[in-house]
Structure formats: structure tokens, C-alpha cells
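Visitor: I should be grateful for a close look at a single part of this structure, set in the context of what lies around it. Please take one helix and follow its surroundings outward.

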2 protein chains.
Amino acid sequence: MGSETVAAETEASGAPGLRERKKQRTRQALIEGALRLFDEKGYEETTLAEIAAGAEVSTRTFFSYFASKEDVVFFDTKERLQLAVATIADRQPDETVVGMLLRVINKSFEQAASYQDITFDNAALRVRLILTEPALQARALHLLFDSQLHMARALHGAFPDRLSDTDAAAAVGALIGGIKLSVMVSLEEERSIEDVWSIARRASEIAISGLHTLG
Amino acid sequence: MGSETVAAETEASGAPGLRERKKQRTRQALIEGALRLFDEKGYEETTLAEIAAGAEVSTRTFFSYFASKEDVVFFDTKERLQLAVATIADRQPDETVVGMLLRVINKSFEQAASYQDITFDNAALRVRLILTEPALQARALHLLFDSQLHMARALHGAFPDRLSDTDAAAAVGALIGGIKLSVMVSLEEERSIEDVWSIARRASEIAISGLHTLG
DNA sequence: TGCAAAACTGCAACCAGTGAAAAGAAACAA
DNA sequence: TTGTTTCTTTTCACTGGTTGCAGTTTTGCA
């Protein structure tokens with residue numbers, strides 16, 4: 001089944017077997033084919049039958065790799081969340097809450113920037129897709145929300161005595177909520193990556209120093 | 001069509017015509033019937049056919065009142081957003097950004113608390129429903145996100161010289177993001193309304209005074 | 001080579017959602 | 001009241017995502 005991102009090795013040996021390699025190839029074919037089709041003819045206009053045919057599997061098989069049509073687009077979400085949570089889990093000595101949160105944000109951006117995972121260079125296409133398709137936007141927000149919950153729990157776990165669970169949630173929610181909304185607004189006009197970057201930074205500064213520093 | 005919440009009057013006279021009254025009754029029947037069915041047999045297990053039958057209309061007619069199955073549950077969203085945006089629009093003289101945001105939050109809570117709109121007393125049922133059904137949760141997040149965008153624009157409009165559009169977005173996103181996530185975490189255990197209220201307050205204080213005041 | 005597990009296929013069924021044409025009901029004018 | 005116009009609902013047919021199931025193929029391994 002495609003539910004595990006990390007390859008399950010055949011045995012104690014390090015080499016993935018034929019079965020695993022085939023599965024990875026099919027998975028990648030589904031992802032790349034789907035994104036290409038979404039780009040060419042639009043998300044709604046692309047049917048699962050076409051996606052499956054593109055990867056030379058049956059429609060039914062699609063669903064043993066992804067739980068839904070939307071999910072192909074978010075193939076790397078689990079991985080990204082894992083990195084964030086892991087980053088929180090290995091708290092540096094003497095690190096402050098804010099320091100840790102910034103480290104998480106930075107790592108996440110780095111990861112996003114250097115994406116090679118699945119020979120996949122159309123990150124921009126994906127962003128455009130998610131921004132324009134309501135169904136994908138809803139799914140993205142749901143996944144992001146879920147990630148925030150996980151991160152809040154991890155943060156509470158990293159500072160068990162200093163932060164209550166609800167305070168940890170408030171912190172994560174405020175930081176990511178601020179960044180998310182300001183980036184979204186900024187994307188309504190065409191902007192360069194650098195612009196977006198600095199807007200995100202600015203939003204995190206606002207969250208950290210507090211809204212009272214504004215008007 | 002059911003797209004307008006406010007009744008379109010027949011003429012210059014104040015009385016809504018028969019047509020309008022019937023539509024309101026049908027709308028209410030759909031809402032109440034749907035929520036009752038969702039409660040009794042679960043959201044996924046309830047079909048549109050059943051909902052429509054409960055209100056004695058055809059399945060097709062359901063879709064001239066609501067755009068989707070999910071949307072019945074969020075029948076009052078437009079109204080709530082309108083209040084929030086209107087509250088922002090009539091900025092008080094000498095009001096600060098933070099002061100205004102707090103006023104919006106308070107008004108919104110008031111409105112939620114005093115809900116009588118459609119002889120509808122099962123607000124709690126609805127909350128439980130949204131919290132447990134993934135499809136509804138995704139829709140809720142999408143609607144909330146959209147509301148935040150509108151509020152951010154309104155805020156920028158209210159303080160055009162003091163707040164850039166992206167800063168306004170950062171403010172709204174941080175405040176609502178913090179409240180949302182902490183309330184959500186708090187709801188994982190059973191809590192009283194008062195508890196939730198004070199947790200929300202605490203989250204807004206954190207966002208206002210800044211994350212740096214934490215760890 | 002043979003067996004068990006894993007993966008894939010085809011098929012049937014369900015249900016949300018949409019388009020179009022026809023029927024029904026209400027509003028309006030004469 | 002009657003005829004006309006406009007809005008609403010119904011009926012019907014159809015698409016497409018999603019799932020369960022039963023059977024077949026492929027792979028891993030002894």
C-alpha cells in the first residue's frame with residue numbers, strides 16, 4: 001500500500017526489492033502525470049481515469065496509492081510535517097520558544113526551496129493550482145491545520161513546564177496564521193520569491209513582537 | 001434563488017410575498033431536517049435524497065438552496081462575516097488597531113452566543129458535527145480563511161495609512177490563528193463554555209503582547 | 001518449483017452534483 | 001377573472017469520484 005512514504009525494505013539488507021521499486025515508479029508516474037494533466041486541462045476537467053491511464057494502471061489502483069484525487073497534489077505533506085515535528089523534538093539547550101519556532105520555519109522554507117524529492121521541478125505550478133482550485137485550497141487548509149495541531153503538541157512536549165498545551169497552540173497558531181494570511185494576500189499580486197520571503201519574515205516579526213506594536 | 005440571505009421584497013411595500021415566505025420555510029426545513037438527520041444517523045450516512053425528502057422537495061431543488069451538502073451546516077456564515085466586516089468598517093475615532101480587533105472578536109462571540117436566527121437551538125450539535133466530520137472541518141477552515149481575507153482587507157481599509165495590506169493580514173491571521181488553534185486544542189478535552197472563553201481570551205492576549213513574552 | 005503475501009484488475013454499486021426541458025405556482029396587468 | 005410573464009420546482013439523464021468484492025497476476029522466499 002502507498003500509505004508509507006518511507007520505503008519498506010525487504011529485509012535487513014539496505015536494497016529495496018523489485019516490488020518496492022515498481023511501487024515507487026508507479027507512484028511517481030501518478031504524481032507527475034496528474035500534475036501535468038491538471039496543468040494542461042485543469043483540475044476539474046481531468047478525470048481519474050485519465051490519470052490512471054497515464055500511469056498505466058487501473059482506476060481502482062489509483063486509490064491504493066492516494067486516498068483521493070486531491071491527495072496526489074499533496075504527496076509530500078507527511079514528510080514535511082515529520083521534519084517540522086522532528087525539528088521541534090530535538091530542542092537545543094537554552095533555546096527559547098521563539099528561537100525554536102523560527103528554526104522550524106526556516107528549516108521548512110529550506111526544505112521547500114531545495115525540493116528534489118521526486119524529480120519534480122514544478123513547485124510553482126503546484127502553488128498556482130492550490131491557490132486557484134477551491135477543492136485543493138480546502139484540502140490544503142485542512143492539512144495545514146492538522147500540521148499546526150501536531151506542531152503545537154510537539155512544542156508543548158518540548159517545553160512541558162514553561163508552556164501549557166493551549167499556550168503552545170496559541171503560539172503556533174499565531175505565528176503560522178500570521179504568515180499564512182499575509183503571504184496569501186501578497187500573492188494576489190504577482191510577486192517575486194524574494195518579496196514573498198520578506199513578507200513572511202515581516203509577518204513572523206509582527207507575531208513575535210506582538211500586534212500592539214502596530215497601529 | 002436561495003443565494004441571498006436577506007429577503008427580497010416584492011415591491012416597495014415591506015411585506016414579503018407568498019413566494020418569499022415559502023422559500024424561507026423550505027430553507028428552514030432543509031436546515032433543520034438535515035441537522036437532525038446528521039445527528040441521528042451521521043453525516044456521511046445521510047444522503048441528499050433523505051434530506052430533500054424530509055423537507056418535501058426534490059433532490060434537485062436542494063441545490064438551488066445550497067451549493068453542496070456541506071453548506072447546509074454553514075447556513076449563517078455569510079451573515080457572520082458581514083457583521084465582522086461592518087464592525088471594522090465603522091472605525092471609532094481614535095481607535096487603535098488592537099482595540100478594533102478586540103471589538104470585532106467580542107461582537108462575533110456575542111452574536112454566536114445569542115443565536116436565535118432560525119429557531120435553532122442546537123448550536124452545540126453543530127459544533128460537534130464540524131469538529132468530528134473531516135469534510136465539514138475542511139469546509140469550515142476554508143470559510144474561516146476566506147473570512148480572514150475579507151477582514152484583513154477591511155482592516156487595511158480602516159487604517160489605510162498606518163497598515164499595509166500585508167501587515168493587516170499578518171495581524172488578522174495571527175490573532176484569529178492563535179485563537180482558533182488554542183480553542184481547538186482545548187476542545188480535545190471536554191470543557192465548559194467559560195473555559196473556552198477564557199482560553200480564547202488568553203490566546204488573544206498572547207497574540208497582542210507577542211510570542212516573545214512566552215518562554 | 002511451489003506457496004503465501006502483496007498488488008492489481010474489472011465490475012457493480014452508491015452518491016453528490018449538473019444540465020436541460022417541461023410542468024407548476026405566484027405575480028402582475030388588463 | 002383571465003391571460004401573460006416570471007420564478008421555482010420537478011423529472012430525467014448523465015458524469016465522475018469513491019468503495020467493496022472477488023478473482024488474477026506478480027513478487028518474495030523457501
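Guide: From the N terminus on, the elements of chain A run α-α-α-α-α-α-α-α-α. The model is a predicted one, and chain A has nine helices and zero strands. Along the principal axes, the C-alpha atoms of chain A fill a box of roughly 55 × 50 × 25 Å. Of the 215 residues in chain A, 32% are buried. Among the contacts in chain A that link residues at least 6 apart in sequence, 57% join residues at least 24 apart.

Chain B is related to chain A by a simple operation. A rotation of 180 degrees, with 0.0 Å of shift along its axis, superposes chain A on chain B with an RMSD of 0.1 Å. This is the relation of a two-fold axis.

The part chosen for the close look is helix α5 of chain B, residues 97-113. This helix has 17 residues and reaches 25 Å from its first C-alpha to its last, which is close to the 24 Å expected at 1.5 Å a residue. The buried residues in α5(B) are Val97(B), Val98(B), Met100(B), Leu101(B) and Val104(B). Seen down the axis of α5(B), these buried residues fall within an arc of 165 degrees, so they line one face of the helix. The face of α5(B) turned away from that buried side carries Glu110(B) and Ala113(B), which are exposed.

What does the buried side of α5(B) pack against? The buried residues of α5(B) pack against four helices of chain B: α4 (77-89), α7 (134-158), α8 (165-186) and α9 (193-209).

One of these partners, α4(B), can be read in the same manner. Helix α4(B) has 13 residues and reaches 18 Å from its first C-alpha to its last, close to the 18 Å expected at 1.5 Å a residue. Ala84(B), Thr87(B) and Ile88(B) are buried in α4(B). Down the axis of α4(B), its buried residues fall within an arc of 100 degrees, so they line one face of the helix. On the other side of α4(B), Ala86(B) and Ala89(B) are exposed. The cover over the buried residues of α4(B) includes α5 and α7 of chain B. The packing is thus described from both helices: α4 is among the elements that the buried residues of α5(B) pack against, and α5 is among those that cover the buried residues of α4(B).

The next step outward is the contact between the chains. Here 46 residues of chain A are in contact with 46 residues of chain B. On the side of chain A that touches chain B, α5 (97-113), α7 (134-158), α8 (165-186) and α9 (193-209) of chain A each supply at least two residues. Helix α8(A) gives the most to this side, with 19 residues. By class, the residues on the side of chain A that touches chain B divide into 26 nonpolar, 14 polar and six charged. Because 100% of the interface residues of chain A are also interface residues in chain B, the copies meet through the same surface.

A residue of chain A illustrates this region. Leu163(A) is placed in the loop between α7 and α8 of chain A. Leu163(A) counts as buried because it has 20 C-beta neighbours inside 10 Å. Its C-alpha atom is separated by 8.9 Å from that of Val97(A), 66 residues apart along the chain. Leaving aside neighbours within four places in sequence, Leu163(A) is in contact with Val97(A), Leu155(A), His156(A) and Ala168(A), and also with Leu214(B) and Gly215(B).

The two DNA strands complete the surroundings. DNA strand D is surrounded by 24 residues, and the closest are Gly17(A), Arg19(A), Ser68(A), Arg60(B) and Thr61(B). Two or more residues of that surface come from each of α1 (18-41), α2 (48-54) and α3 (59-65) of chain A, together with α1 (18-41) and α3 (59-65) of chain B. The surface near DNA strand D divides into seven nonpolar, nine polar and eight charged residues. DNA strand C is surrounded by 21 residues, the closest being Val57(A), Ser58(A), Thr61(A), Gly17(B) and Ser68(B). Near DNA strand C, α1 and α3 of chain A together with α1, α2 (48-54) and α3 of chain B each supply at least two residues. That surface has six nonpolar, eight polar and seven charged residues.

Methods: Residues are numbered from 1 along each chain as its sequence is written. Chains are lettered from A and ligands numbered from 1 in the order in which they are written. This is a predicted model: local features need pLDDT of at least 70, side-chain atom pairs count only at pLDDT 80 or more; totals for chains, interfaces and linings use all residues. A residue is near a molecule or strand if its C-beta atom, placed from the backbone, lies within 6 Å of it. Ala, Val, Leu, Ile, Met, Phe, Trp, Tyr, Cys and Pro count as nonpolar, Asp, Glu, Lys and Arg as charged, and the others, Gly among them, as polar. The expected span of a helix is 1.5 Å times one less than its number of residues. A residue is buried if 20 or more other C-beta atoms lie within 10 Å of its own, exposed if 12 or fewer, and partly exposed in between; C-beta atoms are placed from the backbone. The arc is that of the directions from the helix axis to the C-beta atoms. Two residues are in contact if their C-beta atoms, placed from the backbone, lie within 7 Å. Copies are superposed by least squares on the C-alpha atoms of residues with pLDDT of at least 70 in both.
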